[in-house]
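The exercises below are meant to be worked with the sequence and the coordinates open side by side. Each task is followed by a solution that proceeds step by step.

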Amino acid sequence: MTTSDTATTSDSVARARVTEVLRANADAIADRWVQLQLEQAVLGSDLTESELHEEADALVAALAAALGGDVPVQRLAHGDQDLNRIVTDLSLRRARGGASPTVTSLAVLALKQALLESVRGTTGESDGLLAVALLINQLLDAAGALSFEVYVEGREAIIHRQSHQLLEMSTPVVRLWRQVLAVPLIGTLDTARTQVVMENLLQAIQDDEALVAIIDITGVPTVDTAVAQHLMQTVKAVRLMGADCVISGIRPPIAQTIAQLGIDLSTILTRATLADALAAAIKITDAPGPDGTDGR
Amino acid sequence: MTRSHAGTTRAPQRAETVEPASDSAESSTHPVASEEDLLSIRHAVRAATLHAGFGIVDQTRVVTAASELARNAYVHGGGGTLTLDIVRRLGTTGIRLTVEDDGPGIADIEEAFTDGFTTGAGLGHGLGGARRLMDDFTLSSTAGRGTVVTATRWNNRRAP
């Protein structure tokens, strides 16, 4: 018998032993795991003890079922569908609940202790205990790594969604007067943002049959050439829709900076304040149309 | 008239010498590799100008120049770094921006400073504009080796 045969045999013996222990002591292991997690005590706020018990029962059952199959131990956490789903759900729940990544992967790793204790308690023999410990380590380290991975992905998904929401929220088009719309811009104006502003604004111009669109940049801290270019693009598009565009909220330092940069905004109607811009807009909408009517 | 120019009695090279502040907290390097980096650079520069006691107009100038130079490094130089130093000279405080990239370099520097000249899709006012917004400005570029821009703005507000 070669050494590798010996190793394979002791591995499968250990696997059978762990599976057996998991099946026979499922409740005890699950309870101990919950207890260990509660001792670590820094759980995400919205996980109740009964939810933890539910989680634990499901995970222990899935582990026993997965070990009963023939997928190699190292690949079980990723490869076994049920086990993968349970670890994923568990990690996502903690990620959303605001638990730290440490707490999340430690929660999975705490199962090691519960499991080892249980194996040692059921048999007096110390033979093969090392193989069992190694197997439990391999299995749950992989599960811990999966849990961490899922946690990070979960958080990234949240961040992505929030930045998307922020983009939508931060570009409202408001109706200020009959046929006068306004977009108060807050923050920076990059390419993505310009696209959203432009789409919202042009749609609103069509829906409201607006004649003037006011873009207020009071809340834009820096106007560099890129921001100016994006503003000019927006103005051009608004004009193509047959409406006029007024840019308001140009603060003194911004005015000086734009002048020094050498950006020519003279073709665009600009005003210092939103109030001035509204006055200018009302004058434009009140001007008589070419057919002698008042343009309404 | 007792108005005096502090620099006139000193040797020119002495007056030109700019010592970085000894405090290492007053120097920081920021990556320029994405659109988001430009945002954090503007925040960092804004904070530094406040720290150096700049007025609102000078704050805006330096932040805008930093934004232009960093964007150039990102768009034309394929990314690089911006180093922000608070420097002192003859009792005044200044902000020095050093923007480095290892992109293709600038073929004709004079042309690059010309307003309206651009090799990309921008307005072509960034580099010349940044030079006008800052007090001291040097640019060196080697074809194939990248570009280094150093620009300083001094606080011209009288110390309280």
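**Exercise 1: Chain B and one of its strand residues**

In this predicted model, 35% of the 160 residues of chain B count as buried. Task: describe the secondary structure of chain B, and then decide whether B:V32 is buried or exposed.

Solution. Begin with the inventory, which for chain B comes to five helices and six strands, arranged from the N terminus on as α-β-β-α-α-β-β-α-α-β-β. Turn next to the contacts in chain B between residues at least 6 apart in sequence, of which 65% join residues at least 24 apart.

Then locate B:V32, which is found in strand β2 (residues 27–32) of chain B. Counting its surroundings gives 24 other C-beta atoms within 10 Å, and because the threshold for a buried residue is 20 or more, B:V32 is buried. Leaving aside residues up to four places away in sequence, the residues that B:V32 touches include B:D37, B:I41, B:A70, B:Y74 and B:T81. For B:T81, which lies 49 residues from B:V32 along the chain, the separation of the two C-alpha atoms is 5.1 Å.

**Exercise 2: The side of chain B that touches chain A**

Task: establish how many residues of chain B are in contact with chain A, and which helix of chain B gives the most to that side.

Solution. Counting on both sides, 21 residues of chain B are in contact with 16 residues of chain A. Sorting the chain B residues by element shows that α2 (35–51), α3 and α5 of chain B each supply at least two of them, and that α3(B) gives the most, with nine residues. Sorted instead by chemical character, the residues on this side of chain B divide into six nonpolar, eight polar and seven charged.

**Exercise 3: Two nonpolar cores**

Task: identify which residues touch the most other members of the largest nonpolar core.

Solution. The largest nonpolar core holds 40 residues, and within this core A:V18 and A:L139 touch the most other members. The elements giving two or more residues to the core run from α1 (3–24) of chain A through to α7 (129–169) of chain A, with α2, α3, α4, α5 and α6 of chain A also on the list; α7(A) gives the most, with ten residues. Setting aside residues up to four places away in sequence, A:V18 touches A:L67, A:V119, A:V132, A:L135 and A:I136. A second, separate core of 38 residues includes A:I214, A:V246, A:I254 and A:A277.

**Exercise 4: The sheet of chain A and the helices upon it**

Task: explain why β1 and β5 of chain A each have one side without a neighbour in the sheet, and state how α9(A) lies relative to β4(A).

Solution. The open sheet has five strands in the order β1-β2-β3-β4-β5 of chain A, with mixed pairing. β1 (174–177) and β5 (269–270) of chain A stand at the edges, each with a single partner strand, so one side of each is left free of a neighbour in the sheet. At one edge, β4(A) and β5(A) pair in the parallel sense over two bridges, and A:V246 has A:L269 in β5(A) as its bridge partner.

Helix α9(A) lies across β3 and β4 of chain A, running at about 150° to β4(A). This helix, residues 225–240, has 16 residues and reaches 22 Å from its first C-alpha to its last, close to the expected 22 Å. Its buried residues include A:T225, A:H230 and A:V238, and what covers the buried residues includes not only elements of chain A, β3 and β4 among them, but also α3 (56–75) and α5 (126–133) of chain B. Just after α9(A), A:G242 takes a positive phi of about 85°.

How values were computed: Residues are numbered from 1 along each chain as its sequence is written. Chains are lettered from A and ligands numbered from 1 in the order in which they are written. This is a predicted model: local features need pLDDT of at least 70, side-chain atom pairs count only at pLDDT 80 or more; totals for chains, interfaces and linings use all residues. Helices (H or I, at least four residues) and strands (E, at least two) are DSSP runs, numbered from the N terminus. The expected span of a helix is 1.5 Å times one less than its number of residues. A residue is buried if 20 or more other C-beta atoms lie within 10 Å of its own, exposed if 12 or fewer, and partly exposed in between; C-beta atoms are placed from the backbone. Two residues are in contact if their C-beta atoms, placed from the backbone, lie within 7 Å. Ala, Val, Leu, Ile, Met, Phe, Trp, Tyr, Cys and Pro count as nonpolar, Asp, Glu, Lys and Arg as charged, and the others, Gly among them, as polar. A nonpolar core is a set of buried Ala, Val, Leu, Ile, Met, Phe, Trp, Tyr and Cys residues joined through C-beta atoms within 7 Å. Two strands pair if DSSP finds at least two bridges between them. Axes are lines fitted to C-alpha atoms, for helices over the stretch in contact, and angles run from 0 to 180 degrees between N-to-C directions.
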